[in-house]
Amino acid sequence: MTDIKLVMGEQALPCIKCGKQLPNFSPDTDNQPCGGTEFWTYGHYGSAVTDLSGTKHFVCVCDDCLRTALDLGHAAAVPLRGRPAVPLRGRPDDHGFY
Ligand SMILES: [Zn+2]
């Protein structure tokens, strides 16, 4: 099965929460936002939008909205198996990452 590509050019998809336009990492990458994260699904049982749609859906969330959602408990982060959990990066008090 060939993976589905979403070539975006200079801009990735905007943030699904706030609408902020997110620049693409490179014009020839497929929706790799700078300052955000891409999520995708082939569908999910229980969704009236994506289940059995026969399509792959893509969304981007900017770092600010994802950080807020994590802080509010509207999103969850769990450590990957075999890796230690590390604090979120890119916070205003993080003087070394961004
Ligand atoms: Zn946002």
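Colleague: What makes the nine residues of the largest nonpolar core a core, and which residues are they?

Modeller: In this predicted model, the largest nonpolar core consists of Met 8, Ala 12, Cys 15, Leu 22, Cys 60, Val 61, Cys 62, Cys 65 and Leu 66. They are called a core because a nonpolar core is a set of buried residues of such types, joined through C-beta atoms within 7 Å. Strand E2 (57-62) and helix H1 (63-72) each supply at least two of these residues, and E2 gives the largest share, three residues.

Colleague: Where do these elements belong in the chain, and what pattern does the chain follow?

Modeller: The chain has one helix and two strands, and along the sequence the pattern reads β-β-α. Of its 98 residues, 14% count as buried.

Colleague: How do you know that the buried residues of H1 are on the same side of the helix?

Modeller: The buried residues of H1 are Asp 63, Cys 65 and Leu 66. Because they cover an arc of only 165 degrees around the axis, they are placed on the same side of H1. These buried residues pack against E1 and E2, whereas Asp 71 and Leu 72, on the other side of H1, are exposed. After the helix comes Gly 73, whose phi is positive, near 80 degrees.

Colleague: Why is Asn 31 counted as buried or exposed, whichever it is?

Modeller: Asn 31 has 21 C-beta neighbours inside 10 Å, and a residue is buried if 20 or more other C-beta atoms lie within that distance, so Asn 31 counts as buried. Asn 31 is found in the segment before E1, and its phi is near 55 degrees, a positive value in a residue other than glycine. Asn 31 is also one of the contacts of Met 8, which, leaving aside neighbours within four places in sequence, is in contact with Leu 13, Asn 24, Asp 30 and Asn 31.

Colleague: What makes Glu 10 buried or exposed, and which residues does Glu 10 touch?

Modeller: Glu 10, which is likewise found in the segment before E1, has 9 other C-beta atoms within 10 Å; the limit for an exposed residue is 12 or fewer, so Glu 10 is exposed. Not counting residues up to four places away in sequence, Glu 10 touches Pro 23, Asn 24 and Pro 27. The C-alpha atoms of Glu 10 and Pro 23, although 13 residues apart along the chain, are separated by 6.2 Å.

Colleague: Why is Asp 51, with 12 other C-beta atoms within 10 Å, placed in its class, buried or exposed?

Modeller: The cut-off for an exposed residue is 12 or fewer, so Asp 51, with its 12 other C-beta atoms within 10 Å, is exposed. Asp 51 is found in the loop between E1 and E2 and, leaving aside its neighbours within four places in sequence, is in contact with Gly 43, His 44, Tyr 45 and Gly 46. Between the C-alpha atoms of Asp 51 and Thr 41, ten residues apart along the chain, the separation is 9.5 Å.

Colleague: How do you know whether Gly 54 counts as buried or exposed?

Modeller: Gly 54 is found in the loop between strand E1 (36-41) and E2. Since an exposed residue has 12 or fewer C-beta neighbours, Gly 54, with 7 inside 10 Å, counts as exposed. The C-alpha atoms of Gly 54 and Gly 43, eleven residues apart along the chain, are separated by 7.7 Å.

Technical notes: Residues numbered from 1 in each chain as written. Predicted model: local features only at pLDDT ≥ 70, side-chain atom pairs only at ≥ 80, totals over all residues. Helix = DSSP H or I, 4+ residues; strand = E, 2+ residues; numbered from the N terminus. Contact = placed C-beta atoms within 7 Å. Arc of directions from axis to C-beta.
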